[in-house]
Amino acid sequence: MFPNRYDVIVVGAGHAGSEAAAAAANLGSKTLLITMNLQNIAQMSCNPAMGGIAKGQIVREIDALGGYSGIVSDNTAIQFKMLNKSKGPAMWSPRVQSDRMRFSETWRDMLENTPNLDFYQEMVAGLIVENNMVVGVKTSLGIEIRSKTVVLTNGTFLNGIIHIGDKNFGGGRAGERASTGITEELLNLGFESGRMKTGTPPRVDGRSLDFSKMIEQPGDEHPEKFSYLKSTKRLTNQRLCYMSYTSNTVHELLKEGFEKSPMFNGAIQSTGPRYCPSIEEKINRFADKDRHQLFVEPEGWNTVEYYINGFSTSLSEDIQYKALKEVAGFENVKFFRPGYAIEYDYFQPTQLKHSLETKLVSGLFFAGQINGTTGYEEAAAQGQMAGINAHLKGKEKDPFTLQRDEAYIGVLIDDLITKGTEEPYRMFTSRAEYRTLLRQDNADFRLTSKSFDLGLASKERMETMEKKQKNSKDFIQFFRSTSVSPSILNPILEFKESSPVKQTDKLFKPFSRPNITMEDMRKIKEVDDFIVENDLDNEAIEQTEIQVKYSGYIDKERNNADKLNRLEGIRIPESFDYSKLKSLSYEALEKLRAVKPVTVSQASRISGVSPNDISVLLVYMAVSYTHLTLPTIYSV
């Protein structure tokens, strides 16, 4: 029925599992993707959208590494927006509304056309572990399937419980059963688990809504796309989204359901996402607000189903319905299904290595919500990295990891395994100390060559990146080397109310001014001629403008990253005994023992470990390991 042994088994076919399976199979590992329902591969369980603040950067990084999320998003998009465009480029974040059904269908098509990948529909009920090494999985039918490595991407299915008012029942998603057995087995192996909560809004019939009472939310006039591949398509037609608001009347009706709400009656004791609270949490925590935004989003091109973003709830269905009818445009609303909350098991991610392999069981990897994260994008990124590293583990090669100054994916994984999480972890630009370096526009520059070296990114991706990089570099050099006289430049500067120049100067200097754009520069014949003669596309032109305008900030951040990265080179032996460091604080001693950081840099990022603790560690290591050369920024 199955080959004697797979290289990689991926359990779960959500966003994490799909990317994990794609990565492992594309790298050449014989891979099996097991899921409880093959009809729901990469299902968008919550909102039908990909990207957003910091999340859009992650999708670009997944794409630059040769993943599928960006391609699928582009080919199933119904609306595109670049968020935060009024801010600096480090904050720009792409987001698409997707056609939910086509998204899942396209993912399945791509996976079925991926060599080395097999599929099987059944529940995995346990693991086969021998000598602290995973060697396969056991299904609910008692079938044992052997493999070199296993990636668990169980999403919200591990002992999942769905709550609607005072009703609750087992399930991992609406209409689908929960997964049982794995948590209990992992606990017996010594893993630490917890419970988390997430929720989703009701879905409604668009034919019952009055959109004339809502505020239109169109996509960008000139939509971009996620994937750097030229073969993916750019939107030429887009669907409208809409916005409406709750009111005090809506809030008072919702409060009527608080008595039966699992959020307030003790039925739900686990932690939900702080930055995406349910509507009942909003009106309870922000009692001074008399209204909250609701975004009304279509689920696809040809469906009448709409998603009510901002109305996530676990209240009883009658309260949901009664309150939503008081929202402008929803007076005659018809439900497709009510919203619900779901509780599920997760495992503290400090039990993982940077490769996402578990510390307790060799060859076992965790990715996605099992690690305490929330969001398709965070899950997909972890899945891709776990899939890559499961492949490398099976080939007895060193793991592939990303540093905090290399990718948001690096920030995400380092945060999880170093700090752990007590609430669903969501990525924000503010979590990245090097966000000027980690922009959405340069993910291909940062990561494509790494992926190509792995054997994951295609030659087409590599050549596309190299051409864009050369074009941008040549254009930047053009601005550095081309001079222009005041007579040509000053009319442009004066029109933009910018100080005139008094002498001939290189174009780079005036272009660096905040209020001078590429459009202004193209009024100079030499600039426009260079663009035309070199056939520069919009990506190369945009990249040039960002590099010129923010060169000072970029260089400063690169310098800071390089200084701190010196600590990454100081590795801590795996058997290091922290109890020998008598000057360590008790909290630092506990945290260092629990996390077991690989480098001094990672140790410095652990909550509760102070700079003084790091100095103590460095002094001890310098004395005990005489071959170490301490970095000047941490001389002791």
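Cys46 counts as partly exposed, because its relative accessibility is 21% and the class lies between buried (under 20% relative accessible area) and exposed (over 50%), with a 1.4 Å probe and protein chains only. Cys241 is buried, with a relative accessible area of 7%. The model is predicted: local features need pLDDT of at least 70, side-chain atom pairs count only at pLDDT 80 or more, and totals for chains, interfaces and linings use all residues. Residues are numbered from 1 along each chain as its sequence is written, and side-chain values use heavy atoms, leaving out hydrogens and water.

**Cysteines**
- The whole structure contains 0 disulfides, a disulfide being a pair of cysteine sulfur atoms within 2.5 Å.
- Cys241 is in no disulfide, and the nearest cysteine sulfur, that of Cys46, is 15 Å away.

**A sheet and its helix**
- Strands of a sheet pair through backbone hydrogen bonds, either parallel or antiparallel.
- An open sheet of 6 strands follows the order E14-E15-E16-E17-E13-E18, with antiparallel pairing; two strands pair if DSSP finds at least two bridges between them.
- Helices (H or I, at least four residues) and strands (E, at least two) are DSSP runs, numbered from the N terminus.
- Strand E14 (215-217) and strand E18 (335-337) stand at the edges with a single partner strand each, so one side of each is left without a neighbour in the sheet.
- Neighbouring strands of this sheet are turned by 35° against each other on average, direction ignored.
- Strand E13 (residues 203-205) is joined to E18 by 2 bridges, and the two run antiparallel; Val204 stands opposite Phe335 in E18.
- Helix H8 (residues 317-324) packs on the sheet, touching E13, strand E16 (293-298) and E18, and its direction makes about 145° with that of E18.
- Axes are lines fitted to C-alpha atoms, for helices over the stretch in contact, and angles run from 0 to 180 degrees between N-to-C directions.

**Two buried loop residues**
- Gly363 lies in the loop between strand E19 (340-347) and strand E20 (364-366) and is buried, with a relative accessible area of 2%.
- Leaving aside neighbours within four places in sequence, Gly363 is in contact (heavy atoms within 4.5 Å) with residues including Val134, Lys148 and Lys393.
- Asp441 lies in the loop between helix H10 (408-419) and helix H11 (443-454) and counts as buried at 3% relative accessibility.
- With the same neighbours left aside, the contacts of Asp441 include Arg60, Tyr228 and Ile546.
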